[in-house]
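This report concerns the surroundings of a bound ligand and the packing of selected helices. The sequence and the structure are shown first.

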Amino acid sequence: HGKTKGGNQVNEYKSFMGAIYNELISLESDIIKAVQFNEFYLVYQPKVDVKTNKMIGLEALLRWKHHQLGEISPSRFIPIAEKIGMIHSIGEWVLRAVCQQYLEWKRIGVPPILIAINVSALELQQPCFYHRVIRIIEQMGMDPKYLEMEITENSFIHNPEECIETMEKLRSIGISLSIDDFGTGYSSIGYLKKFPIDYLKIDQSFLKDVCTDSGSAEIIKSMIHLGHTFGLKVVAEGVEGEHALSFIRNVACDYYQGYFYSQPLEADKVMDKLLTS
Ligand code: C2E
Ligand code: MG
Ligand code: MG
Ligand code: MG
């Protein structure tokens, strides 16, 4: 009997793995069609000044509403898009969509605000990245001073010199640059003194247990100090409660983002906030 039972378990396992495999394959092929099927859209999460509690910027976050599977999280589909080389055209779609939103808000008289997009390491490393960005910005008529790009530390591991060059060019036309998920990458923090950056974004994992873990609290303090030493503004990600906010206020963090102030919002909702703030 044991044998049959084991056999069934093996079969169940096989069909389970088969289902995962099929879903991955179908996500790979579906992501290629997601743009033309109109399944991508953006949500915007406010960045807030710790001292004044006023919005100082927005982060555009990509959403995928799959025709059959519903909402799929970017943590799941971005790595797939990177693997199959789709990240470049998805990145272009995001940049175009942000420019369009900026111009639409400008047309109807919404006060302008800095909007950040997330740029994958693979995009930044593409030799033609800067030219693609310029072309889109010019085509769309976007003012680059309202555009920010968030990149992760892992972007610097390969070809740091080329990265610096690209970043300097982006910055020379007025685009702001942030290090996203600071503290979680594998690169040395020595890059802070060489790389042209404006903001450090402390990864949300440190904020999660800041009230219970003195280690995280010390790390946050050090990161803020480090950022300020290099003339950068520091943003805390993932501020979910009063305690986390009062902690970062006490240690002179400049800006924050998180559910405590607002979840990422659809364009209309964030527009209402921009109009009333
Ligand atoms: P990220 O850039 O670090 O974005 C922050 C993530 O934290 C977002 O998840 C946001 O919804 C979430 N978040 C914000 N406040 C809180 C909070 O208080 N508590 C918690 N627990 N989470 C909070 P999301 O939108 O699922 O995005 C996940 C990641 O996917 C992003 O991390 C970014 O790395 C990537 N991503 C999103 N949109 C894009 C995009 O357009 N292009 C690229 N290349 N990557 C993107
Ligand atoms: Mg980000
Ligand atoms: Mg982050
Ligand atoms: Mg992240």
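In this predicted model, a polar atom in the side chain of Glu240 is found 2.6 Å from a nitrogen atom of ligand 1. Two further side chains, those of Glu59 and Arg63, place polar atoms by oxygen atoms of ligand 1, at 3.0 Å for Glu59 and at 2.8 Å for Arg63. The table sets out these polar contacts.

| Residue | Atom of ligand 1 | Distance |
|---|---|---|
| Glu240 | nitrogen | 2.6 Å |
| Arg63 | oxygen | 2.8 Å |
| Glu59 | oxygen | 3.0 Å |

Ligand 1 has 22 residues around it, and those that come nearest are Arg63, Asn118, Asp180, Glu240 and Tyr259. Arg63 and Glu240 thus appear both in this nearest group and in the table, Arg63 with an oxygen atom of the ligand and Glu240 with a nitrogen atom.

The helix packing can be described through α5, which spans residues 129-140 and packs with α6, residues 160-172. The axes of α5 and α6 are 10 Å apart, at an angle of about 20°. Because this angle falls under 35 degrees, α5 and α6 count as roughly parallel to each other. Their crossing is right-handed. On the α5 side the contact is formed by Phe129, Tyr130 and Val133, and on the α6 side by Thr166, Lys169 and Leu170. By class, the residues of this contact comprise four nonpolar, one polar and one charged.

Helix α3, residues 87-107, also packs with α5: their axes come within 10 Å and cross at roughly 30°. The two helices α3 and α5 are therefore roughly parallel to each other, and α3 passes α5 in a right-handed crossing. From α3, the residues His88, Glu92, Leu95, Arg96, Cys99, Gln100 and Leu103 meet Arg132, Val133, Arg135, Ile136, Gln139 and Met140 of α5. The contact of α3 with α5 contains six nonpolar, three polar and four charged residues. Val133 of α5 takes part in the contact with α6 and in the contact with α3.

How values were computed:
Residues numbered from 1 in each chain as written. Chains lettered and ligands numbered in written order. Predicted model: local features only at pLDDT ≥ 70, side-chain atom pairs only at ≥ 80, totals over all residues. Heavy atoms only, no water. Axes fitted to C-alpha atoms, helices over the stretch in contact; angles between N-to-C directions. Helix = DSSP H or I, 4+ residues; strand = E, 2+ residues; numbered from the N terminus. Parallel < 35°, antiparallel > 145°, perpendicular 65-115°, else oblique. Left-handed = near helix turned anticlockwise from the far one by under 90°. Contact = heavy atoms within 4.5 Å. Nonpolar A, V, L, I, M, F, W, Y, C, P; charged D, E, K, R; others polar. Near = heavy atom within 4 Å. Polar contact = N/O pair within 3.5 Å; in protein donor to acceptor, adjacent residues only side chain to side chain.
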